[in-house]
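Work through the exercises below with the sequence and the coordinates side by side, and try each task before reading its solution.

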Amino acid sequence: MISVSPQKTIRFLGVIIASLSLINLAVNFARCFLGRGGLWGISRLFDLDIENNIPTWYASVTLLICAGLLALITHRKRQQGDRFMNHWRGLALIFLWLSMDEAASVHELFIDLNKPLQTTGFLHYAWVIPAMVILGILAVVYQKFVMALPQQVKRRFLLAISLYVAGGLVLEMVGGQYKEVMNVQMPIANGSGLAGMGMALILAAEEMLEMSGVAVLIYTLLQMLSRESHGFHIAFGNLPRQAEPKVREPAISPSSDGRHSYASPQDER
């Protein structure tokens, strides 16, 4: 059985996020100012703006962990007859989709919408338009759910969602505007100088906020599960059976006539 500590978990995730962000800044500095975009394959592995690498894998896995924790909470809420059980189930499905999208980059299919829609500036990445519509619908559907959460859980939940949206949507729009104004080529070209490094900083902040939001949500969900079960544990295989209490046999003593008499435990005292 493994005991999962919310505090240790978020510290561990924080170290990973900080490490990925610092390595990303280092490889982009080498690309923009030193003309070293390859770095023997290291840049490809750690660039936050490139898909199918270590940061993408980390983001997909943590989103999947969120989906799993939300599914556990959904199961408990169903047992309790909670009226918001379907909202929890909906969140589990949303984060499962986000995990799949992070791994397969499904939202990238909507980038070409800017050609028929002729969107520019903050709407340079046209996929943000349907994303804002979906967020508006979810805000309406989940308003009562959020307001019914315990105060501390509600604050952390809103913080997690705000960080994720700020990174995944707001800074994506800022990046689109910056790209057009500064005429930065994507992916960022070797020797692109301050303009390229500025774009790299926006992208790094975008991904860091997204990953931080997911880390806060994992912490919040683990805290909820820990409070309800006095500590969150993961068990593998069958739990060991508890030993049955031993029943003391009555003592047998011979009587004067050769027969045996039984003495109860009370008689022996």
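Three exercises on this predicted model follow, each with a worked solution.

**Exercise 1.** Determine how helix α3 is oriented relative to helix α4, and describe their contact by residue class.

Solution. Begin with the axes of α3 (residues 54–80) and α4 (residues 85–104), which come within 8 Å and cross at roughly 165 degrees. Because angles over 145 degrees count as roughly antiparallel, α3 is roughly antiparallel to α4. The handedness comes next, and here α3 passes α4 in a left-handed crossing. Sorted by class, the contact of α3 with α4 has 16 nonpolar, four polar and four charged residues.

**Exercise 2.** Examine the backbone at N183 and at P187, and decide whether N183 is buried or exposed.

Solution. Locate N183 in the loop between α8 and α9, where its phi is near 55 degrees, a positive value in a residue other than glycine. The relative accessible area of N183 is 57%, and since exposed means over 50%, N183 is exposed. P187 is also found in the loop between α8 (151–182) and α9 (193–229), and the peptide bond that joins M186 to P187 is cis, with omega about -5 degrees.

**Exercise 3.** Classify G193 as buried or exposed, and identify which residues it touches beyond four places away in sequence.

Solution. G193 lies in helix α9, and its relative accessibility is 16%; because buried means under 20%, G193 counts as buried. Leaving out residues up to four places away in sequence, G193 touches C32 and F33. As a final step, compare sequence with space: G193 and F29 are 164 residues apart in sequence, while their C-alpha atoms are 8.7 Å apart.

Terms used:
Residues numbered from 1 in each chain as written. Predicted model: local features only at pLDDT ≥ 70, side-chain atom pairs only at ≥ 80, totals over all residues. Heavy atoms only, no water. Axes fitted to C-alpha atoms, helices over the stretch in contact; angles between N-to-C directions. Helix = DSSP H or I, 4+ residues; strand = E, 2+ residues; numbered from the N terminus. Parallel < 35°, antiparallel > 145°, perpendicular 65-115°, else oblique. Left-handed = near helix turned anticlockwise from the far one by under 90°. Nonpolar A, V, L, I, M, F, W, Y, C, P; charged D, E, K, R; others polar. Buried < 20%, exposed > 50% of the residue type's maximum accessible area, 1.4 Å probe, protein only. Contact = heavy atoms within 4.5 Å.
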